[in-house]
Each structure stands twice: as C-alpha cells, then as structure tokens.
Amino acid sequence: MNETKKQQMQHPSKNEQPIMSMKGVAKQFSGVKVLQNVDIELFKGEVHALMGENGAGKSTLMKIMAGVYQPDGGSIIYKGEDVRWNHPMDARSKGISVIHQEISLSPNLSIGENILMGTSLKKNRMGLIKWNDIYEKAEKILTSIGSSLDPRADVSSLSVAQQQMVEIARALSLNSEILIMDEPTASLTDKEIEKLFTIIDELKRKGVAIVYISHRMDEIFKISNRFTVLRDGRMVTSGPISETNPTHLVKLMVGRELNELFVRKRSENDTEKKNQQPVLELKGVSDKKIVKNVSLKIYPGEIVGLAGLVGAGRTELVRTIFGLSELSEGEIIIEGNLVQIKNPIDAIKLGIAHVPESRKEQGLLPNLSVKENIMMAQYFQYRKFRILQYKKINREADRYIQELGVRTSSKEQNVMGLSGGNQQKVVIAKWLSIGPKVLLLDEPTRGVDIGAKTEIHKIINQLAEKGLAVLMISSELPEILGVSDRIIVMHEGRLRAELTHAEATQEKIMYYATGEVK
Amino acid sequence: MMNINVQSTNPTVVTFKDRSKQVFNQLGMLIILALLIAVMSVIAPNFTDSSNILNVLKQSSITAILAAGMTVVILTGGIDLSVGSTLALSGVISVLLSNAGAPVGLAMLAGAGVGYVAGAINGYLTAVPKLPAFIVTLGSMTYLRGLAYVITGGYPVVLASEKFKFIGAGEIFGIPTPIYIMAIVYFIMFVILKYTMFGRHVYAIGGNEEAAHLTGIKVNRTLINVYSISGLLAGISGVVMAGRLFSGQPMVGIAFELDAIAAVVLGGTSFVGGRGRIQGTIIGVLIVAVLTNGMTLLNVDYYWQQVVKGIVIVIAVLLDRLRSKN
C-alpha cells in the first residue's frame, strides 16, 4: 500500500500544474454507490489510461468529466478553477470532448456538418448558413489529422473507422484541450489503429490531454504515459505506465475479496456428470455477426458461466440459442436431439428460457401487474373454453411470488413499481412458469443491490439443483466465480478458454478475455 | 412472509387526498360523464325524455362499434384510419348483394366479411413488413373509399329488402336494434380483452413489443387479428348504417375514424399503447354524444358545437397526461 501511495504522489516528467484534477468525486444512482472518493489528475500532452473491469465506474467518471452527470461529492478543478458543469454543453464549450464507444454522428448529414455541429455555424447576412465556409473549415480540420475525406459526402457512406475520424475531427473543431476516448479501437482494423495512434501522437504534441479507455493491454502500454485503475467505483492506484506491467495491472483491476458473495456448494464430482447426456450442446455455432465456431456442452444441474468483455459476442451467442439471431453455421442439440430454432416460440417449446440483458427494454411488460408478468408466458395452460381462469392464475402467481421471495405489495401491483432486484425475480419467475430445461441468463444481477444479488444467486443455485442446465453471462468476475461450476471465456466471438471451477481465477479469466496469450 | 411495500406512496397511511386521487384514476371519465348528464338534465329541455335518451344511444351506436375496434388497435400502439371507408364499402357491398337476390343474412355476413378482409390486410402490412400503421391505414382509407365509388358509380344504392332495414332501423321491445348490437359488441370485447390470452397479449405488445416477443407471444399473428377485429367491426357498422339509411352510400362515414379515435382517447386509452380499457371507450363515446345532443337541444350553433367538441378532446387528453404522471 505504501508503494501505491508513493506512485500517486509522483507527477509526470514535466513538473507542472494539472489541467484538470478531480478530488474525492462520488456518485450514486438510486442508492447504489457507483463512484466513491475518486481522485484523478490530467496533464497537458499526456495519454492517461483509465483502467478497470466492466462496471468499475470508468464510464461514470468519464461522464462526470464531460458534464453528462453531476457528481454528488468532491470537486473538479479545471485550469485552476473550481468548476461545476450543469450540462454537457458547458464542458464542451470549455474544451472537453468525448469520443463515445458508440459513434454518435447523424448519418444523413454531410461530414462537414457533423464535424461543425457543436460550433455555431457561420451565417450570411440573410441569416442563412454559408455552406462553403463549413466545408472549407471541415476540410482544414480533416487535413490536420491526415484524412482526405470529402466534407461534402454523407456520413452514412463511411466505414466505421472513417466515422471515427469524423468524431475526432469534431472534437478538434471545438479546440478541445481534454479528449476522452472510450474504447476507440473496438471496431477498428490493425491498420486503422496505427493511423489513430499517429493522430493521438500528433494531439499529444499539440498539448491535448487524452483520457484513454481500453481493455487492450498492448495498446495501453504502447501509447499511454500514465494510468489510473478503478475497481468497484474506487480509485485503486495511479502512476506512470513505466512502473507497471500487464500482470500487475490485471491484479490491480480484479483484486477483490469474494467473501460478501454467494458461493455455490459443489458436491457432485465431474466424472459422474460426464456420463450423463448434456441438456444443451452446441457444435460449431456461428451467427452472421460476431459469434464464430462455438462448441460447448451443459449437463443437467450444471451452471456454466460465460465470461468475456463487453462486445465479445456472449449476448449474441445466447440470442442465437434462443432464436433471436440467425444461426449461420453449426448445430444446437437439446437432450440429444438436433433442433431447429427459428424464433423464441420454438425455443420456448423446447424448454429454453432466456432472461435478457436489459430488464426494462426486453424483460418486463410495463403497465401490467406482477401477476401478469409472471404468468403471461403460460396463460395457455389456464384456459377453459378459451376463457382465462383467473382463480388458478392468481394461485400460481402467489406461489411464484412466495417461492422466489418477490417483495411486492400484492400480485396486482404494477411491475414498474418494484426495485430492480425484485423486477429481475419477476422475470425469472416468468420463465420458471414454463418449466424450462435450459435457463439462459444474460447479466442476471446488473443494476441490482448486493442483497438481492445474493438472493438471485441462491435462486439460480436452487434451479440447478432441480436439474436445469444454466448458462449465465456475467461481467462480474466474483459472480462468475462464485456461482459457476465451469467457466467459458469468449473473446472476439470465439471461445477462448474453458476453465473448471478449481482452476479458474479472476486473473486467468481476464487474461483470456483480453485476448492475451499466457 | 414479510410484505415490504415498494410503492412510492405507502398505503398504510392513505390520506384523503390519495384516496380521492385513486378514485379519480379509476372512475375518471365516468365522473365527468355523470356531471355532464346532470348538467344537461337541468339546463337542456327534454334531455331526460326516454325518447331523447334512446336517440342519443342510437346515434352513438355506430361510432361506439367503430371505437371498440379502435380501442384494441390503439392498445397495441397502432392506429386504424380506414374504418370510415371500410364502413362505406361494406354497406355498399351488402346492399348490392341483397338487391341482387342474396338472402339477407348472407348479404350482411358478406358486408362484415369485407371489413374483416380489409382489416386483415392492414394487419398483415403492419405486422410483417412492419410498415407504420398510420401509413398503411391511410392508404386503405383511400383505396377502400375509392372502391366503394367505383362499385356504385358514385351514387347511393337504394335498399330493396325490408328485412335488411331491421338491423339499422328496427326495434326490439321499443329499443332500437343498433343499441343491442352495440351492447353485445362491448360485452364481447370486454370478455376478450380481460379474459382471453389474446386480450392479454394485446396489452403485453402495446406495453413492450420486444419483451412480448421474447416472452414467446406471437406478435405478428396477434397484430393481424387486432386489425382484423377493427375491420370486422367496421364492416358490421357498415351493415347497420345501410339498414338505417335504407341504402348503401359510398360517401357515408367520412371522418368517422376521427370520432372513434376521439372517443378512445377520451376513454383514457394511452396513445402509446398498453394502457386502457374498453369500458373507458364507451364512456368516451357517450361524453361526446351527450355533449352534442345537449348543445343541439340548447340550440347551440352547429359550428360552435364543433369548437366545443374539439376543445373538450384536447382538455381530456391533457387531464390524462397529468393523471399518468403521478
């Protein structure tokens, strides 16, 4: 700990005032502390790598810098002044720009318009826009970053990499002094990345401070000067990049205790399982987008964790199994039978249940009661002459509410009034009502407080004990380690590693997930 | 098991204000209808005469039947602009068939069937190629009306059969037939929406189509059925209308879809879908009908009636927005 303290004290080579320093920044969302007491300093002309697992608080910190969120505590000192952004425009007008992971351009407008969108456009005496002026200016900015794009062309005709160039040009049009880049290389080819790095070098020379968020270790060590590691919303350490190495960084990112979380008891031995028929088997499954040649088997009563970084293709794999994305190659086998799954209805008939990634957009039926949310998927079982038998439905709904411990004032309560954890229990209950064989969980505890998290883990565990085959995506390593019997790690659409519970560690998973070869 | 309440308002301390709010949320427009009736009973001459009341009900029956179908469509987050034109085409076809010698029952069924098919086409185009319902039904509003003109050459077709007239102009125990039809339609729609799987799927789709799809609901099939129901009810209205007018008229029912939409909205059904009740719609229909009837009895100028009706609709939607906020 002494060593890390020392590292924090060290300034970069140039002995000058930081352009921005954040002190003790805190932020919470509906009672969940996302950031606590974070300090970070940025200097002119440096690339500062912001590191951390998914959910460590990088995005939140970035959004506070850019004025999207207001901190609940702490201070931001920018160019020697105590500032408080009320709006992203405040920050932007003072020279802080963000290049988001998802490109945020208007596809049907020209490149020039997109670049100059945030600035006040030149107008003629009639109050009309001077187009030539815009294109000239845009061209100047594009040339300055070595791009030969035509500012008159529509953005929709550009490749992802070219769009990224436009994003960078836009940031420069605002004379940015701090540029925040969130996973800028996620969708770029190696060649394009090289080009981006040349631009970054150029920006550094011009004195721009760059906050660089990436999961790719090789990039981090190639271009950054300093780093800051966040973990669970707290700052772990900060220092010059030369004083660390990939192994050390990974340790800093994951170093967490497991004690607070549920840990599954694993009594059965594996050899016994291997003699059984797998409930779900994938052979060389690919989809049309990202998933490539994934094979796996899940046995009855087994919980398989699916780890990987955001964008590794985990959600897409699960969606393919559930019939939501098209299977382009490979086979899905349920209890020894080759099956064709064209849509969710096919999947449900085969006993596959899917708890989707986004509860609000995909899981819940808003405006309807807890009861209807639980029972909707199996109303067909409770009909007499096509009329719904509410007596039976009510009884069943009560049973599920009790079994899963859903905290609700009554089964008639609107589901939107429940807490996140209880909403998630309702979504799980919906699937239990169909009596599934396979349960696909996509980030089952995202945005759920620690108490409800443990309860959901217990529920998953109980379901496995009843013989369900569970495939659980989670970006939280302690959750994956605590709940799964076996862990599969994906990277860029491929299955990178399969680890038994005994051999899996957070470090190992992170290595495979970041694509490092150990 | 412990019951922890997660609502923002804790029901163990229900204040009078909370309770009156709750009552208003549930009864809402019914209170407004009751007030309107009370006011009209006092100020409008002959308003409470039984003949006037039956007249109000009879005149609103066509709009009411259209609005029942419209409710289901709007519950899914859609819209059906074609019902007025469907009504015209169905009426024209059933009268032509009847005049050509088809049995009355068959001619009427054919009229209703035309509406069903027109609705099914709307539904297919909305559900499968996912065209916007507004555009699809704007198109069918135009081509169905066009077909009605083409078939008749633009002139009304006089109805020959006396039996046919019964459905629109007849009476049973002194009560006009259309009122019975309206009552039956509302009863059936109530049962369908509340007590069938299809009905609950309508709400699920209107609330969140993506989640409904992921729940295993056959979204496309449900949507096709929804528009088919709206078309069928428009077809039935067309037959009733023809019976009432003693003719099939290609120009009848212009802008009826707007009356139906207004009634649905007045009845508290949310335009984004997923929230609303068929009981609300009939109240919405009656509010407009009582208002119009009362103003006519009070000799309010017809043009001013339009102004008042429009303002009432806007205020009602405003109230609804305020209500859904809390």
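Visitor: What radius of gyration does chain B have, and why does that agree with a compact globule?

Guide: The model here is a predicted one, where local features need pLDDT of at least 70, side-chain atom pairs count only at pLDDT 80 or more, and totals for chains, interfaces and linings use all residues. Residues are numbered from 1 along each chain as its sequence is written, while chains are lettered from A and ligands numbered from 1 in the order in which they are written. The radius of gyration is taken over C-alpha atoms, and the globule rule is 2.2 Å times the number of residues to the power 0.38. Because chain B has 326 residues, a compact globule would come out near 20 Å, and chain B agrees with its 21 Å.

Visitor: And what radius of gyration does chain A have?

Guide: Chain A has 518 residues, so the rule for a compact globule gives a value near 24 Å. Chain A agrees with that, at 26 Å.

Visitor: How many helices and strands does chain A have?

Guide: Both kinds of element are DSSP runs numbered from the N terminus: helices are H or I with at least four residues, strands are E with at least two. For chain B that gives 14 helices and four strands. For chain A the count is 19 helices and 22 strands.

Visitor: What share of the residues of chain A count as buried?

Guide: Buried means that 20 or more other C-beta atoms, placed from the backbone, lie within 10 Å of a residue's own (12 or fewer is exposed, in between is partly exposed). In chain B, 48% of the 326 residues pass that test. Of the 518 residues in chain A, the share is 44%.

Visitor: How many residues of chain B are in contact with chain A?

Guide: Contact means that the C-beta atoms of two residues, placed from the backbone, lie within 7 Å. On the chain A side, 32 residues take part, and helix 16 (420-432) of chain A is one of the elements giving two or more of them. Chain B's side of the contact has 25 residues.

Visitor: Helix 9 and helix 19 of chain A pack together, but at what angle?

Guide: Helix 9 covers residues 246-254 of chain A and helix 19 covers residues 506-513 of chain A, with axes 10 Å apart. Axes are lines fitted to C-alpha atoms over the stretch in contact, and angles run from 0 to 180 degrees between N-to-C directions. The angle is about 120°.
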